[in-house]
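Could you walk me through this fold, starting with any odd backbone spots and then moving on to how the sheet and helices fit together?

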Amino acid sequence: MPFPYKVVAITGASTGLGRELALQLAAQGCKVGLIARRAELLEELAQQIRDQGGHAAVAACDVGDFAQVKQAVDSIESELGPIECMVANAGIGMPRERLVFEAEATAQIYRTNVLGMMNAFYAVIPGMLERKRGHLVGVSSLASYQGLPQDGGYAGSKAATRVHCESLRLELRPTGIKVTTICPGFVRTPLTDRNHFDMPLLMEVKPAVNRMLRAIARKRRIYHFPLRMWWIVKIGLATPRWLFDAVLSAQTANINSGRTQAFSDGKAP
Ligand SMILES: NC(=O)c1ccc[n+]([C@@H]2O[C@H](COP(=O)([O-])OP(=O)(O)OC[C@H]3O[C@@H](n4cnc5c(N)ncnc54)[C@H](OP(=O)(O)O)[C@@H]3O)[C@@H](O)[C@H]2O)c1
């Protein structure tokens with residue numbers, strides 16, 4: 001199915017899913033606007049896309065700051081034309097050591113994952129409303145469905161993005177602007193490279209992005225993948241809490257022993 005938009009902006013385009021989204025979209029003939037903080041990585045990616053005959057514009061900014069995001073969107077639109085699809089993909093996670101709580105680290109997760117997504121959307125919504133068309137894509141996570149120890153900031157922020165996307169979808173329905181929420185399971189990227197535990201059904205980035213693009217092109221309301229991981233999440237949600245908590249405690253003990261080892265090896269963030 002051909003991708004239905006010609007100008008697409010992607011936040012978090014410097015690595016991982018965002019980078020691969022940009023490469024695959026550019027290969028399909030889309031002009032891509034690349035947003036993240038590390039300008040040098042974005043420039044390298046833009047050059048790679050141009051060398052392959054594509055079009056890319058770079059706008060380095062922190063998605064947590066609306067003024068910066070608005071400036072980035074204006075600069076991309078002046079180079080490539082009106083943004084038809086905004087993929088709010090920038091996100092961070094910072095799994096903690098047990099019982100170590102840092103307010104600023106959690107605030108940074110919410111600022112990037114939740115406000116960062118809203119900033120990206122709010123910067124393009126006025127133009128999309130005028131044109132009566134556009135597509136907002138929020139990258140949430142299967143982790144948004146279940147609170148997990150030591151990762152509350154990430155799971156909570158992803159639940160907030162998912163629910164906020166759903167609210168926007170309902171509000172924007174009569175305007176011609178579509179909203180899609182994507183909930184991936186584990187995908188091998190710099191984000192998950194830091195995990196020191198077994199990640200069930202871990203996917204490679206290319207097939208993951210392939211699926212995300214298909215879901216966006218089909219204008220899906222919400223897309224969970226891989227399907228088997230989504231079923232595991234659903235079974236977990238339907239499991240009596242006492243049983244779930246007992247299984248999780250055993251799992252967490254394993255993860256913690258892996259983390260303790262990683263911290264002492266100096267590998268953990
Ligand atoms: N990989 C997975 O298993 C998985 C699963 C579910 C959901 N997700 C979600 O998928 C999205 C992409 O993650 P990924 O796995 O591709 O991780 P990644 O490779 O670490 O990419 C994260 C991207 O976000 C950007 N970013 C972080 N903070 C930013 C900020 N303040 N302002 C602007 N850009 C910022 C980073 O670029 P700079 O550092 O250059 O700014 C980077 O390009 C995230 O929202 C993540 O939560 C991933």
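Let's begin in the loop between strand 5 and helix 5, where Q150 sits. This is a predicted model, and in it Q150 has a positive phi of about 70 degrees although it is not a glycine. That catches the eye because most residues other than glycine have a negative phi. Q150 is also buried, with a relative accessible area of 7%. A second residue of this kind is K219, a non-glycine whose phi is positive and near 55 degrees. K219 belongs to the loop between helix 7 and strand 7. Is K219 buried or exposed? Neither label quite fits: K219 is partly exposed, with a relative accessible area of 37%.

Keep going along the chain and you reach strand 7, residues 222–225. Its side chains alternate: I222 and H224 point one way, Y223 and F225 point the other way, and all of them are buried. Right at the end of this stretch there's another backbone feature, a cis peptide bond that joins F225 and P226, with omega at about -10 degrees. Most peptide bonds are trans, so this one deserves a look too. P226 itself lies in the loop between strand 7 and helix 8 (227–238).

Now for the sheet that strand 7 belongs to. Seven strands make up an open sheet, ordered 3-2-1-4-5-6-7, and the pairing is parallel. Strand 3 (55–60) and strand 7 are the edge strands, each with a single partner, so one side of each is left without a neighbour in the sheet. From one strand to the next, the twist averages 15 degrees. As in any sheet, strands pair through backbone hydrogen bonds.

At one edge, strand 7 pairs with strand 6 (residues 177–184) in the parallel sense, over four bridges. If you want a pair to find on screen, take I182, whose bridge partner in strand 7 is Y223. At the other edge, strand 2 (residues 31–36) and strand 3 run parallel and are joined by six bridges. Here V32 has A56 in strand 3 as its bridge partner. V32 turns up again on the strand 1 side, where V8 stands opposite V32 in strand 2. Strand 1 and strand 2 run parallel as well, joined by five bridges.

Strand 1 is worth a closer look. How many of its residues are buried? Five of the five, so strand 1 is largely enclosed by the rest of the structure. Both of its faces are covered, with V7, A9 and T11 buried on one side and V8 and I10 buried on the other.

What about the helices? Start with helix 4 (residues 103–131) and helix 5 (residues 152–172), which pack with their axes 8 Å apart at an angle of about 15 degrees. Angles under 35 degrees count as roughly parallel, and the two helices are therefore roughly parallel to each other. Their crossing is right-handed. The helix 4 side of the contact includes T106, I109, Y110, N113, V114 and M117, while helix 5 contributes residues including G152, G153, Y154, H164, C165 and L168. Sorted by type, the residues of this contact divide into 14 nonpolar, eight polar and one charged.

The other helix pair meets quite another way. Helix 1 (residues 16–27) and helix 7 (residues 205–217) have axes that come within 9 Å and cross at roughly 65 degrees. An angle from 65 to 115 degrees counts as roughly perpendicular, and helix 1 and helix 7 are therefore roughly perpendicular to each other. The crossing of helix 1 and helix 7 is right-handed. Which residues of helix 1 meet helix 7? They are G16, L17, E20, L21, Q24 and L25, and they meet V205, K206, A208, V209, N210, M212 and L213 in helix 7. Eight of the residues in this contact are nonpolar, three are polar and two are charged.

Key:
Residues are numbered from 1 along each chain as its sequence is written. This is a predicted model: local features need pLDDT of at least 70, side-chain atom pairs count only at pLDDT 80 or more; totals for chains, interfaces and linings use all residues. Side-chain values use heavy atoms; hydrogens and water are left out. Axes are lines fitted to C-alpha atoms, for helices over the stretch in contact, and angles run from 0 to 180 degrees between N-to-C directions. Angles under 35 degrees count as roughly parallel, over 145 as roughly antiparallel, 65 to 115 as roughly perpendicular and the rest as oblique. A crossing is left-handed if the near helix is turned anticlockwise from the far one by less than a right angle, and right-handed if clockwise. Contact means heavy atoms within 4.5 Å. Ala, Val, Leu, Ile, Met, Phe, Trp, Tyr, Cys and Pro count as nonpolar, Asp, Glu, Lys and Arg as charged, and the others, Gly among them, as polar. Buried means under 20% relative accessible area, exposed over 50%, partly exposed in between (1.4 Å probe, protein chains only). Two strands pair if DSSP finds at least two bridges between them.
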